[in-house]
Amino acid sequence: ALAAMSIFALPVPAPGQTIEVVPLAGYRFNNDLFEVAANRPIDVDGAPVVGGALNVALGDGRWFESLFTRQQADVTVPRSGPGPPARARVVVDQLLAGGRQEFGVAGARPFFTGLLGLTRYGVDGDDAEVRFTIGAGGGVRVPVQRRIGVRLDSRVLTTFVDLDARAAACGPGLCLVAVDANVVWQFEFTADVIVVF
């Protein structure tokens, strides 16, 4: 359902508009989502991440960017009672969309990105949870040939695991709202191949 929604949300390219297909691979650090999914402390500091992006040029160095990534790891989960620890596979899928702004006109082009989307995480065999995610990043895009390039990316991702808001006090024309948020921060670095159409 998330993939279908992102396809329908993509801008329709005009004739002659540049489209990029970008397979990516890298590493993501700070896997507190693994602990949230397993509901236990887990000694895993990071895991590989793979995925892809679909980008549409909007002009003046601006791009619409959609991104799907998957991170998974086999982790050891301590048991609450006696017995050996259990093994579990934790999977984190992210579907994000947003924009990219490039700078420069030729050669290596630095860029910044801003993304919004959803994170689905869970342990195999259990129900998965879906939460809202915000991402920001930057990197450099280097053309190799007319239709091939490489891209080095870094991103910081914030997933809102729990969010509770309530009115704390209200007066004439003014309400104070108390917000309690449990967020998980992740950092990733990827190397990407760009195929331009």
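Q: Which residues does L157 touch, not counting residues up to four places away in sequence?
A: This is a predicted model: local features need a pLDDT (the predictor's confidence in each residue, from 0 to 100) of at least 70, side-chain atom pairs count only at pLDDT 80 or more, and totals for chains, interfaces and linings use all residues. Numbering starts from 1 along each chain as its sequence is written, and side-chain values use heavy atoms, with hydrogens and water left out. A touch, or contact, means heavy atoms within 4.5 Å. With residues up to four places away in sequence set aside, the list for L157 is R28, Q94, L96, T133, I134, G135, V184, W185, Q186 and E188.

Q: Is L157 buried or exposed?
A: L157 sits in strand β7 (residues 148-171); strands (E, at least two residues) and helices (H or I, at least four) are DSSP runs, numbered from the N terminus. Buried means under 20% relative accessible area, exposed over 50%, and partly exposed in between, using a 1.4 Å probe and protein chains only. Because its relative accessibility is 1%, L157 counts as buried.

Q: In what order do the helices and strands follow one another along the sequence?
A: The protein has two helices and eight strands. Reading along the sequence gives the pattern α-β-α-β-β-β-β-β-β-β.

Q: Where in the protein is confidence lowest?
A: The mean pLDDT is 84, and 86% of the residues reach 70 or more. Strand β1 (residues 19-29) has the highest confidence, at 95. Where pLDDT is low, the predicted coordinates should not be read in detail. The lowest confidence, a mean of 50, belongs to helix α1 (residues 2-9).

Q: Which elements give two or more residues to the largest nonpolar core?
A: A nonpolar core is a set of buried Ala, Val, Leu, Ile, Met, Phe, Trp, Tyr and Cys residues joined through side-chain atoms within 4.5 Å. The largest one has 15 residues, and L33, F34, V75, V90 and Y121 have the most contacts inside it. The elements giving two or more residues to this core are α2 (32-38), β3 (62-77), β4 (86-102) and β5 (109-123).

Q: Which residues are named among the members of another core, of nine residues?
A: This second core lies apart from the largest one. L157, the buried residue from strand β7, is one of its members. The members include V22, L67, L96 and L157.

Q: Which residue of β6 stands opposite Y121?
A: Strands pair if DSSP finds at least two bridges between them. β5 and strand β6 (residues 129-143) pair in the antiparallel sense over 13 bridges. Y121 also touches residues beyond four places in sequence, including L33, V36, A128 and V161. Opposite Y121 in β6 stands E129.

Q: Which residue takes a positive phi in the hairpin of β4 and β5?
A: β4 and β5 run antiparallel and are joined by 13 bridges; one bridge pairs A97 with L116 in β5. Six residues lie between the strands of this hairpin. The positive phi, near 95 degrees, belongs to G104.

Q: What is the phi of D60?
A: D60 is in the loop between β2 (46-59) and β3, and it counts as exposed because its relative accessibility is 69%. Most residues other than glycine have a negative phi. D60 is not a glycine, yet its phi is positive, at about 55 degrees.

Q: Which side chain joins the side chain of Q94 in a polar contact of 2.9 Å?
A: Q94 lies in strand β4 and is buried, since its relative accessibility is 1%. A polar contact is a pair of N or O atoms within 3.5 Å; within protein, one must be able to donate a hydrogen and the other to accept it, and residues adjacent in sequence count only if both atoms are side-chain atoms. The Q94 side chain makes one such contact with the side chain of R28, at 3.2 Å. The polar contact of 2.9 Å is with the side chain of T119.

Q: Which side chain makes a polar contact of 2.8 Å with the side chain of E102?
A: E102 is another residue of strand β4, and it counts as buried because its relative accessibility is 3%. Beyond four places in sequence, E102 touches G61, W63, R109, P110, F111 and R141. Its side-chain partner at 2.8 Å is R100.
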